[in-house]
Amino acid sequence: MKSVKSPSFIDALIPVLFLVALLAVSVSIYGSDSSFGPNQIILIMSAGVASIIGLKNGLNWKQIEDAMIHGISVSMGAIFILLAVGSLIGTWLLSGTVPTLIYYGLQILNPDWFYVAACLLSAIVAMSIGSSWTTAATIGVALMGIANGIGADPAIAAGAVISGAYFGDKISPLSETTNLAPAVAGSDLFSHIRHMMWTTVPSFTITLVLFTILGFTEDRVGANVSIDSVQTIISANYHVSLFNLIPLVFLVVMALKKLPAFPSIFIGALIGALWGFIFQQELLTKIADSSLVIDQISVIWTAMFDGFSITTGDGVMDDLLSGGGMSSMLNTTWLIMTALMFGAVMEKVGLLAVFVQGILKKAKSTGSLITSTIFTAFGTNLITADQYMSIVMPGRMYKEEYERRGLDNVNLSRALEDGGTITSALIPWNTCGAYMAGVLLVSPLDYWQYAFFNLINPVMAIAFAYMGIKILKTKAA
């Protein structure tokens with residue numbers, strides 16, 4: 001039997017440099033679209049380079065292929081949830097749940113409280129739809145227009161939108177990254193969210209205080225014409241009522257009851273479908289161009305698998321109130337599978353161990369281990385320019401060490417989000433930073449110091465780690 005050699009540092013470095021170089025080319029060519037296909041091809045090619053090194057060191061193809069299959073299988077639970085999330089977003093847009101959240105959320109906006117209100121509204125929308133990108137591209141664009149109209153600082157306004165969007169995204173069970181982190185770390189989705197609250201809520205509270213202080217240091221005069229316009233369009237197309245929020249209440253209750261994420265979210269999608277049929281008859285009739293039940297059911301069915309689309313006469317509002325469907329999650333599924341394939345090969349060949357051994361030699365305490373995880377996630381954001389990679393790669397690198405030290409996997413999944421998810425928007429060449437700059441028309445170099453939540457949360461997480469606050473052990477430890 002052929003012996004397997006331990007990889008050298010050069011062996012470990014080759015696929016990483018190959019990945020980084022091609023990702024840099026990908027981002028330079030495709031910008032924020034690089035995660036919609038180009039990066040997936042690069043991940044597969046990088047997995048191929050790592051596989052060649054494994055073959056050189058004595059592994060056979062069957063061993064490498066089995067590792068890939070096992071690595072991808074880890075993500076299947078998250079993929080099921082993502083598909084359910086797509087259906088839920090589609091039916092919640094149709095039922096009026098998301099539009100109602102936006103409608104009532106807009107009422108809290110006031111020129112004197114604009115920054116803190118913009119942060120809160122972005123958080124509400126992102127939490128309800130699970131996407132910081134969609135939030136920035138829709139309500140974020142509207143908020144930036146309002147900011148310009150009332151004389152607010154665009155950089156501070158962008159920081160408020162991004163802080164709120166990433167807070168809402170981070171604690172939403174609908175979010176792709178919030179599903180990815182526990183899938184990679186091996187923790188439960190709702191346990192992961194509950195554990196994140198300990199660092200997330202204090203960070204967001206401080207963020208709101210800072211935006212309140214900033215708000216009262218400026219005099220802003222202007223009418224909220226844009227807000228009135230948005231509310232008018234929503235009320236003209238939907239039956240707006242607090243009853244529309246009941247699907248959200250059901251989902252929250254199921255989460256608090258600790259029911260499994262996949263059935264909970266899919267049940268939430270079904271409730272949204274029922275609510276749309278009951279409360280949005282006028283809208284259904286308009287979209288289906290028919291009052292027949294079978295035609296209306298077809299619209300609801302389509303919302304579940306291919307998303308919901310509405311025409312209001314306003315392009316921004318059409319984008320805000322359209323989307324979802326299982327099909328909308330297929331690109332994310334593709335990215336997760338290829339990223340986990342690359343990580344699985346790196347792990348099987350022993351290349352990740354080469355890097356992690358050097359770090360772990362200095363990470364003696366639990367605090368230093370969690371801090372190393374956060375900095376590794378941030379560093380991955382800097383090097384690979386992709387927030388998904390900042391979750392997958394460190395997650396695969398540190399998972400075994402957390403388990404060896406008797407630390408619950410929720411500690412790892414939280415650290416991945418604290419260091420990876422929210423720092424991505426601060427980096428100009430990262431896909432998230434480039435995307436936010438293109439949508440909000442403010443450079444990350446200008447808004448980063450005002451993205452308070454994205455700056456405070458990693459610091460809060462490190463402080464909690466060294467003070468031993470809410471660091472959970474496994475039952476066996």
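This tour moves through a predicted model, from its largest pocket to its core, its largest cavity and three single residues.

**The largest pocket**

Begin by selecting Ser 131, Trp 133, Thr 134, Glu 176 and Ser 328, which are the closest to the centre of the largest pocket among the 34 residues that line it. The volume of this pocket is about 720 Å³.

Next, colour the helices that surround the space. Those giving two or more residues to the lining are helix 4 (76-95), helix 7 (132-149), helix 8 (154-171), helix 9 (176-185), helix 16 (315-320), helix 17 (330-349), helix 20 (387-404) and helix 22 (431-440). Which of these elements supplies the largest share of the lining? Helix 7 does, with 4 residues. If the lining is then coloured by class, 16 residues appear as polar, 14 as nonpolar and 4 as charged.

**The nonpolar core**

Select Phe 114, Tyr 166 and Met 436 together. Within the largest nonpolar core, which has 135 residues, these are the ones with the most contacts. Helix 8 contributes 10 residues, the largest share of this core.

Now centre the view on Tyr 166. Setting aside residues up to four places away in sequence, Tyr 166 touches Ser 132 and Trp 133, then Gln 387, and also Thr 421, Ile 422, Ser 424 and Ala 425. Its remaining partners are Cys 432, Met 436, Phe 453 and Asn 454. Two residues of this stop thus recur together, since Met 436 is in the list of residues that Tyr 166 touches. Trp 133, another partner of Tyr 166, was selected at the pocket centre.

**The largest cavity**

Turn next to enclosed space. How many cavities of 30 Å³ or more does a search of the whole structure find? There are 2, and the largest holds about 40 Å³ of space.

To display its lining, select His 195, Ile 370, Ile 374, Asn 411, Arg 414, Ala 415, Asp 418, Ala 461 and Ile 471. Helix 19 (366-384) and helix 21 (409-421) are the elements that each give two or more of these residues, and the largest share, 4 residues, belongs to helix 21. By class, the lining consists of 5 nonpolar, 2 polar and 2 charged residues.

**Ser 203**

Select Ser 203, in helix 10 (residues 189-215). Is this residue buried or exposed? Ser 203 counts as buried because its relative accessibility is 0%, below the 20% cut-off. Its side chain makes a polar contact of 3.2 Å with the side chain of Asn 457. Beyond its neighbours within four places in sequence, Ser 203 is in contact with Phe 453, Ile 456, Asn 457 and Met 460. Phe 453 was also met as a partner of Tyr 166.

**Asp 11**

Move to helix 1 (residues 9-30), where Asp 11 is found. With a relative accessibility of 8%, Asp 11 counts as buried. A polar contact of 3.4 Å joins its side chain to that of Asn 57. Apart from neighbours within four places in sequence, the residues in contact with Asp 11 are Ile 53, Lys 56, Asn 57 and Leu 351.

**Ser 73**

Finish at Ser 73, in helix 3 (residues 61-73). Ser 73 is partly exposed, its relative accessible area being 38%. A polar atom of its side chain lies 2.6 Å from the backbone oxygen of His 70. Add Met 337 to the selection: Ser 73 and Met 337 are 264 residues apart in sequence, while their C-alpha atoms are 8.7 Å apart in space.

Methods:
Residues are numbered from 1 along each chain as its sequence is written. This is a predicted model: local features need pLDDT of at least 70, side-chain atom pairs count only at pLDDT 80 or more; totals for chains, interfaces and linings use all residues. Side-chain values use heavy atoms; hydrogens and water are left out. On a 1 Å grid over the protein atoms alone, a cavity is a set of points where a 1.4 Å probe fits but cannot get out, and a pocket is an open set with protein on both sides within 12 Å along at least five of seven lines; lining residues have an atom within 4 Å of a point. Grid points are joined across faces, edges and corners, and a volume is the space filled by probe spheres set on the points. Ala, Val, Leu, Ile, Met, Phe, Trp, Tyr, Cys and Pro count as nonpolar, Asp, Glu, Lys and Arg as charged, and the others, Gly among them, as polar. A nonpolar core is a set of buried Ala, Val, Leu, Ile, Met, Phe, Trp, Tyr and Cys residues joined through side-chain atoms within 4.5 Å. Buried means under 20% relative accessible area, exposed over 50%, partly exposed in between (1.4 Å probe, protein chains only). Contact means heavy atoms within 4.5 Å. A polar contact is a pair of N or O atoms within 3.5 Å; within protein, one must be able to donate a hydrogen and the other to accept it, and residues adjacent in sequence count only if both atoms are side-chain atoms.
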